[in-house]
Amino acid sequence: MNSRLNAFKAKFLNHRVQANRRKLAAQLRNQKIGQKLNIAFGVLMVMTFLVIGRNYLGGREAQVNINRTQSIRVPTVLASAQAQANLLKMLSQVRAYIATGDPEYRYRYQESRQKFEADLAQMEALANHSASDIRDRVGKLKQTYQIWSELPDQLIALRDNLLENQPALKLLDNQGKNRLLLFSER
């Protein structure tokens, strides 16, 4: 039943639109050439102003996006890239210190750590002006870093304590002295 009613409405509306078009065409045919040219020029001017308005609004929107990109996104991306580079330096220097024990790597690790923490603070400041998902990501990164930042100090302390990082040496130190004393007393 509804489909028949909808079909009837569509047919009726189509018929009215066709009638209005015919009436408008008849009115245009009966006008003088000067009036027809004036109407055409008016329609042309309206179309021109619509195109100009659309271009103006599109240009403003593009300018806003460009300004937002320059003021927020570019510094955020640069800070993120710098932070990532400093984090990778930190990791490699901790590994190098653990492998070699060279104090230069430990010093470089501290420098990279300070730079990374400065980059993290900069990213956090920039994230305050960004969307909530970016703030959440920076917050999660900061939490993860705080948990991780305890590990390198523990690894460095373990590297510096030979008795703790070499179980055989610890065993020799604890039990070897006792046996050496027993052997020397005989």
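Is Asp 153 buried, partly exposed or exposed, and what is its relative accessible area? In this predicted model, Asp 153 is partly exposed, with a relative accessible area of 37%. The residue offers a way into the salt bridges of the structure, of which a search of the whole structure finds 4.

Side chains of opposite charge can pair when their charged atoms come close. Asp 153 provides one such case: its side chain meets that of Arg 113 in a salt bridge, at 3.4 Å from N to O. This pair links distant parts of the chain, since Asp 153 belongs to helix α5 (residues 150-160) and Arg 113 to helix α3, with their positions 40 residues apart in the numbering. The two side chains also make a polar contact, again at 3.4 Å.

Arg 113 deserves a closer look. Its relative accessible area is 13%; because buried means under 20%, Arg 113 counts as buried. Once its neighbours within four places in sequence are left aside, Arg 113 is in contact with Met 90, Tyr 145, Ser 149 and Asp 153. The salt-bridge partner in helix α5 is thus one of the residues in this list.

Arg 113 has a further salt bridge, formed with Glu 117, and here the closest N and O atoms are 3.4 Å apart. This second pairing is set within a single element: Arg 113 and Glu 117 both lie in helix α3 (residues 103-127), 4 residues apart, which is about one turn of the helix. Glu 117 is partly exposed, with a relative accessible area of 34%, whereas Arg 113 is buried.

Helix α3 also holds Glu 124, whose side chain meets that of Lys 142 in a salt bridge of 3.1 Å, N to O. Because Glu 124 lies in helix α3 and Lys 142 in helix α4 (residues 132-148), the pair ties together parts that are 18 residues apart in sequence. Both ends of this bridge are partly exposed: Glu 124 has a relative accessible area of 32%, and Lys 142 has a relative accessibility of 29%.

How do the salt bridges that share partners join Arg 113, Glu 117 and Asp 153? They join these residues into one network. Arg 113 is the shared partner, bridging to Glu 117 and to Asp 153. Within this network, the buried residue Arg 113 is paired with Glu 117, which is partly exposed, and with Asp 153, which is likewise partly exposed.

Technical notes
Residues are numbered from 1 along each chain as its sequence is written. This is a predicted model: local features need pLDDT of at least 70, side-chain atom pairs count only at pLDDT 80 or more; totals for chains, interfaces and linings use all residues. Side-chain values use heavy atoms; hydrogens and water are left out. Helices (H or I, at least four residues) and strands (E, at least two) are DSSP runs, numbered from the N terminus. Buried means under 20% relative accessible area, exposed over 50%, partly exposed in between (1.4 Å probe, protein chains only). A polar contact is a pair of N or O atoms within 3.5 Å; within protein, one must be able to donate a hydrogen and the other to accept it, and residues adjacent in sequence count only if both atoms are side-chain atoms. Contact means heavy atoms within 4.5 Å.
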